[in-house]
There are 2 protein chains.
Amino acid sequence: MSVGGVQFFEGVEKLLEIWFTNGSNSSKHADLRKIPRCKLESLLKIVRCEIISFVNNEQIDAYVLSESSMFISKRRFILKTCGTTTPLMCLQPLLLLVEQYAGFTEVEDVFYSRKNYKRPELQAGPHQDFDQEVALLDAIFPDGSAYCLGTMNKDCWYLYTLNPPRDDSITSAIPEPDSDQTLEILMTDLDPDVMSIFTREECLNAAEATKKSGIDKIIPNMIVDDFLFEPCGYSMNGVSKNGCYMTIHITPEPEFSYVSFETNMTTTSYREIITKVLDTFHPGKFVITIFTNEASAAIDSPKEIKRWPTIGEWKRQDMQHCCFKNYDLTYAFYSKFPS
Amino acid sequence: MSVGGVQFFEGVEKLLEIWFTNGSNSSKHADLRKIPRCKLESLLKIVRCEIISFVNNEQIDAYVLSESSMFISKRRFILKTCGTTTPLMCLQPLLLLVEQYAGFTEVEDVFYSRKNYKRPELQAGPHQDFDQEVALLDAIFPDGSAYCLGTMNKDCWYLYTLNPPRDDSITSAIPEPDSDQTLEILMTDLDPDVMSIFTREECLNAAEATKKSGIDKIIPNMIVDDFLFEPCGYSMNGVSKNGCYMTIHITPEPEFSYVSFETNMTTTSYREIITKVLDTFHPGKFVITIFTNEASAAIDSPKEIKRWPTIGEWKRQDMQHCCFKNYDLTYAFYSKFPS
């Protein structure tokens with residue numbers, strides 16, 4: 001995007017994650033992957049992006065998009081898109097497709113989140129403003145909750161979630177929730193020397209960039225689907241046998257450098273992964289978010305992060321912890337000191 | 001205020017608390033109470049309210065205002081005002097008065113907070129919108145942080161604070177912070193039978209309302225300065241010998257009932273006070289906020305609140321915990337179940 005003669009690209013993604021269910025009825029044959037590819041392609045047109053690569057295994061379908069990624073498993077749909085895409089515009093059509101093709105009757109939970117943009121005024125409605133995004137979501141979902149973590153006037157991170165109540169009186173009848181945990185690291189002000197790896201000038205192809213940067217070593221043993229854009233920019237999806245995923249998206253331009261890392265890998269502590277990600281990209285500042293539920297291996301993450309006033313050369317500037325009904329969320333913001 | 005023929009009063013207060021210091025220089029003779037009464041009166045004109053009652057002791061001056069309360073001690077200024085008052089408009093004049101009369105040279109920290117209004121459109125600028133309030137504060141303070149706790153699209157609570165960095169490298173040279181802790185309980189949808197106590201129809205004077213409601217038993221041994229408005233509404237300040245305060249403000253009208261309770265009383269647990277307040281007022285829903293610093297007796301409050309998924313007949317709908325540099329903040333929202 002050219003703004004007043006200066007190129008600009010908004011690396012910050014909008015992240016939409018939806019879990020579907022059939023309530024107490026069996027969902028044995030229901031599967032989001034039954035939605036035909038051509039229908040997904042139409043859906044992504046509404047979002048203003050397209051599929052450019054695809055890998056899958058028994059557990060998960062992983063798509064690299066022209067703007068970030070999409071992951072579809074049996075009952076979880078994840079759409080993460082950067083730039084000036086409009087993922088919330090596809091929400092109603094998606095719910096119709098799920099009903100028609102996938103066999104699910106209910107939305108179990110929704111997580112729509114994003115960091116504050118660098119240039120909100122360049123977004124298309126309703127994405128310019130979190131209040132507008134919330135208004136759209138509130139029109140679809142009867143009782144969603146909107147949150148802002150971090151400092152609203154500086155670096156922050158927005159979340160909309162259904163946070164549905166658990167009926168404690170019938171807990172014994174409700175199965176334990178599926179174990180679920182997600183780590184995101186959203187980095188800005190990155191090391192220009194690292195960023196230059198993700199340009200066609202320095203690397204011939206994605207595989208070279210993946211290896212040269214050390215991305216291949218962050219979480220080993222993943223099937224990797226990576227893409228190096230022209231003239232610069234990088235995306236990768238990784239999927240593991242057990243259905244876990246990782247995804248990295250890089251906007252390397254020094255004026256608006258941005259890198260996002262996300263994984264739902266099962267681990268009791270994200271310390272090692274976080275350290276590897278920071279050592280790989282050298283951000284000036286970063287947001288960490290960790291979701292855990294009661295069945296998560298990483299259930300002690302909040303306590304763990306509390307014990308890290310510094311990580312390497314980064315100092316924690318902000319930390320918040322939210323107890324939702326089915327999830328705990330930890331948010332922390334670090335910057336290189338002196339801040 | 002009459003809106004379309006229907007009376008309305010915004011009980012929700014704007015709460016401004018400022019701590020002053022002289023940095024590493026001695027502040028022995030500096031004292032906010034040196035500001036002359038006539039100057040305070042002029043200041044409150046800017047805020048659109050006035051002093052209606054006053055008590056004090058060696059530690060603290062406590063004012064009941066036409067709209068809520070003001071507390072002034074040696075280096076802490078608290079202004080809490082409801083209705084359509086404009087406390088942020090007095091900020092610059094206050095800083096000048098402090099410099100001229102009180103002998104302080106530096107603002108140590110600022111806490112500006114409020115619950116979301118019931119009718120924001122009736123407020124005067126910059127108070128209609130938290131973004132506008134933040135813009136005003138950002139224009140005065142170089143590096144303040146703005147937060148929203150709770151659900152932005154339902155019940156929430158806004159905070160602006162300086163959150164000044166602590167220079168860890170010279171910790172040994174910095175004295176331990178003064179012990180400080182504050183509990184606020186902001187209640188809506190109150191029991192009409194309780195609210196009717198705070199009308200001239202049911203009580204002849206404030207003392208009768210204080211006794212009949214049980215307010216006198218919430219924190220005993222306070223010097224109480226209470227006021228019953230005509231035809232309804234109630235305010236009280238209490239001060240204790242050691243300089244602690246409590247303050248209660250009541251908007252009893254059933255269409256927009258609101259009660260706020262606040263104290264900085266030193267205690268290891270606020271459980272007993274919270275229970276007494278809830279038993280006194282029977283709110284439909286309430287927000288609790290607790291600030292503690294590292295020297296606070298109530299430093300374990302966050303853990304304590306986490307152990308209360310219910311308090312009596314109220315169920316916790318939301319809980320957040322923030323680690324600021326000098327304070328910890330716990331926010332919780334409860335409502336009568338079924339929600």
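A nonpolar core is a set of buried Ala, Val, Leu, Ile, Met, Phe, Trp, Tyr and Cys residues joined through side-chain atoms within 4.5 Å. With that in hand, look at this predicted model.

**The core**

The largest nonpolar core holds 99 residues. Some members touch more of the others than the rest do. In chain A, these are Met70(A), Phe77(A) and Tyr160(A). In chain B, they are Met70(B), Phe77(B) and Tyr160(B). In soluble globular proteins, nonpolar side chains tend to be buried together.

Take Phe77(B) as an example. Setting aside neighbours within four places in sequence, Phe77(B) contacts Leu16(B), Glu17(B), Ile18(B), Phe20(B) and Leu32(B), among others. Its partners also include Leu43(B), Met70(B), Phe71(B), Ile72(B) and Leu94(B).

**Two copies, one axis**

How does chain A map onto chain B? A turn of 180° with a shift of 0.0 Å along the axis lays chain A on chain B, with an RMSD of 0.0 Å. The two copies are thus related as by a two-fold rotation axis. The same surface serves both copies, since 100% of the contact residues of chain A recur in chain B. Which residue of chain A comes closest to the rotation axis? That is His321(A), whose C-alpha lies at 2.5 Å.

**Sites listed in UniProt**

An unreviewed UniProt entry places the feature "active site" at Ser68(A), Cys82(A), Ser235(A) and His249(A). These residues span 182 residues in sequence, yet no two of their C-alpha atoms are more than 11.0 Å apart, so they gather at one spot.

Ser68(A) sits in strand 6 (residues 68-73) of chain A. Is Ser68(A) buried or exposed? Ser68(A) is buried, with a relative accessible area of 1%. Beyond its neighbours within four places in sequence, Ser68(A) contacts Cys82(A), Ser235(A) and His249(A), among others. Its further partners include Glu13(A), Tyr63(A), Lys80(A) and Thr81(A).

Ser235(A) belongs to strand 13 of chain A. Ser235(A) is buried too: its relative accessible area is 4%. Leaving out neighbours within four places in sequence, Ser235(A) is in contact with Ser68(A) and His249(A), among others. Phe229(A) is also one of its partners.

Phe229(A) leads to a second feature. For "binding site", the unreviewed UniProt entry lists Phe9(A), Glu67(A), Phe229(A) and Glu253(A). Phe229(A) lies in the loop between strand 12 (223-228) and strand 13 (234-239) of chain A. Neighbours within four places aside, its contacts include Ile52(A), Leu65(A), Ser66(A) and Arg200(A). Tyr234(A) and Ser235(A) are also among them. Glu253(A) is in another loop, between strand 14 (245-251) and strand 15 (258-263) of chain A. Glu253(A) is partly exposed, at 23% relative accessible area.

**Helix 6 of chain A**

Helix 6 of chain A covers residues 271-281. Which of its residues are buried? They include Ile273(A), Ile274(A), Val277(A), Leu278(A), Thr280(A) and Phe281(A). These residues cover an arc of only 160° around the axis, which puts them on the same side of the helix.

Other helix residues are more open to solvent contact by the probe's count: Glu272(A) is exposed at 56% relative accessible area, and Lys276(A) is partly exposed at 27%. Lys276(A) and Glu272(A) form a salt bridge. They are four residues apart in helix 6 of chain A, so about one helical turn separates them. Just after the helix, His282(A) takes a positive phi of about 50°.

**Salt bridges**

Over all chains, the count comes to 30 salt bridges. Three of them are set out here.

| Pair | Closest N to O distance |
|---|---|
| Lys276(A) and Glu272(A) | 3.5 Å |
| Glu108(B) and Arg75(B) | 3.2 Å |
| Lys80(B) and Glu184(B) | 2.8 Å |

Where do the partners in chain B lie? Glu108(B) is in strand 8 (residues 106-115) of chain B, and Arg75(B) is in the loop between strand 6 (68-73) and strand 7 (76-81), so the pair ties together parts that are 33 residues apart in sequence. Glu108(B) is partly exposed, at 32% relative accessibility.

Lys80(B) lies in strand 7 of chain B and Glu184(B) in strand 11 (residues 181-190), so this pair ties together parts that are 104 residues apart in sequence. Lys80(B) is buried at 1% relative accessibility. Glu184(B) is buried at 5%. In chain A, salt bridges that share partners join Arg75(A), Glu108(A) and Asp178(A) into one network.

Definitions and conventions:
Residues are numbered from 1 along each chain as its sequence is written. Chains are lettered from A and ligands numbered from 1 in the order in which they are written. This is a predicted model: local features need pLDDT of at least 70, side-chain atom pairs count only at pLDDT 80 or more; totals for chains, interfaces and linings use all residues. Side-chain values use heavy atoms; hydrogens and water are left out. Copies are superposed by least squares on the C-alpha atoms of residues with pLDDT of at least 70 in both. Contact means heavy atoms within 4.5 Å. UniProt positions are given in the numbering used here, feature names are shortened, and annotations may be inferred rather than shown by experiment. Helices (H or I, at least four residues) and strands (E, at least two) are DSSP runs, numbered from the N terminus. Buried means under 20% relative accessible area, exposed over 50%, partly exposed in between (1.4 Å probe, protein chains only). The arc is that of the directions from the helix axis to the C-beta atoms. A salt bridge is a side-chain nitrogen of Lys or Arg within 4 Å of a carboxyl oxygen of Asp or Glu.
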